[in-house]
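Let's take a quick tour of some charged side chains and a couple of backbone angles. Keep the viewer open while you read.

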Amino acid sequence: MSQIEPNSRPFTVLVEGNIGSGKTTFLNHFNKFEDVCVLAEPIDMWRNCKGHNLLGLLYEDIKKWSFTFQSYVQLTMLQQHLRKTACPVKLMERSIYSARICFVEKMKQDNLISHAAAAVIDKHFQWIKENTDLKVDLIVYLRTDPQTVYDRMIKRNREEEKTVSLDYLQALHQIHEDWLYHKTIFELPAEVLVLNANLDKSVINEEYSKFEPLILNKKL
Ligand code: DCP
């Protein structure tokens, strides 16, 4: 395995997309490369914060738990951004950026989080950006149709997501589109590679293989 110099930064790639867009499948595809450090979303931590299932609480009563949940997401995502690796490439499932730009924003729009609570999250976010190294080299946007991800979500039947509606996925889709496709809202921390993630699991690995050199920062 090739290693990077002790103080240099790995080529950092964020994998973004709607709920059910196939981020895990994407990460699994790249897990086979020994030069790649794959950081899955810390969902187990969200399910067990000192014994509390924050993800479960969130969907039980979204208004009551949005702030608590997103505060913890922000901390766990920061830990992922700062995690050191000797690998030359680091692949992260989601980021502190999508937490703030997609999820907190959606909660704000829906009045699920007070403007005061959102301001606190934002203050933390701004401080983190200014005082830590969140540098990213590439964003992979797994672009999907809301109906496709809704069907996948129903099929996977994750206990906490039973109350997630097609409307919610449509709205989240729109925010991802505005941020990563139309590029009309917020900042973009890196260039975006858009992939068609509507494709079926049986063919999607072939699609991902085509983009391996770009994602792994290898010259063609
Ligand atoms: N979530 C949230 N706020 C965040 C990040 C995630 O409310 N800042 C929620 C949405 C989902 C769950 O956490 O219910 C996991 O969402 P992701 O879209 O990040 O991960 P998936 O497991 O759905 O990814 P995929 O199916 O693409 O592999």
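**Salt bridges and odd angles**

Glu 212 counts as buried, because its relative accessibility is 16%, and buried means under 20%. Keep in mind that this is a predicted model. Its salt bridges come to a count of 15, and a few of them are worth finding on screen.

**A link between distant parts**

- Glu 212 pairs up with Lys 32 in a salt bridge, and their closest N and O atoms sit 4.0 Å apart.
- This pair links distant parts of the chain: Lys 32 is in the loop between α1 (23-30) and β2 (36-39), Glu 212 is in helix α10, and their positions lie 180 residues apart in the count.
- Lys 32 is exposed, because its relative accessible area is 55% and the cut-off for exposed is over 50%.

**A helix tied to a strand**

- Glu 177 and Arg 143 bring their side chains together in another salt bridge, at 2.7 Å from N to O.
- Glu 177 belongs to helix α8 and Arg 143 to strand β4 (residues 138-143), so this salt bridge ties together parts 34 residues apart in sequence.
- On the Glu 177 side, the residue is buried, with just 4% relative accessible area.
- Arg 143 is partly exposed, with a relative accessible area of 26%.

**A pair inside one helix**

- Lys 210 and Glu 207 form a salt bridge too, with 3.0 Å from N to O.
- Both sit in helix α9 (residues 201-210), and because they are three residues apart, about one helical turn separates them.
- Lys 210 is exposed at 59% relative accessibility, whereas Glu 207 is buried at 15% relative accessible area.
- There's a network to look for as well: Arg 100, Glu 105, Lys 108 and Asp 122 are joined into one by salt bridges that share partners.

**Positive phi angles**

- Most residues other than glycine have a negative phi.
- Which way does phi go at Lys 183, positive or negative? Phi of Lys 183 is positive, near 60 degrees, and this residue is not a glycine.
- You'll find Lys 183 in the loop between α8 (166-181) and β5 (191-196), and it is partly exposed at 47% relative accessibility.
- Asn 217 isn't a glycine either, yet its phi is positive at about 60 degrees.
- Look for Asn 217 in the segment after α10 (212-215); it is partly exposed, with a relative accessible area of 41%.

Conventions: Residues numbered from 1 in each chain as written. Predicted model: local features only at pLDDT ≥ 70, side-chain atom pairs only at ≥ 80, totals over all residues. Heavy atoms only, no water. Helix = DSSP H or I, 4+ residues; strand = E, 2+ residues; numbered from the N terminus. Buried < 20%, exposed > 50% of the residue type's maximum accessible area, 1.4 Å probe, protein only.
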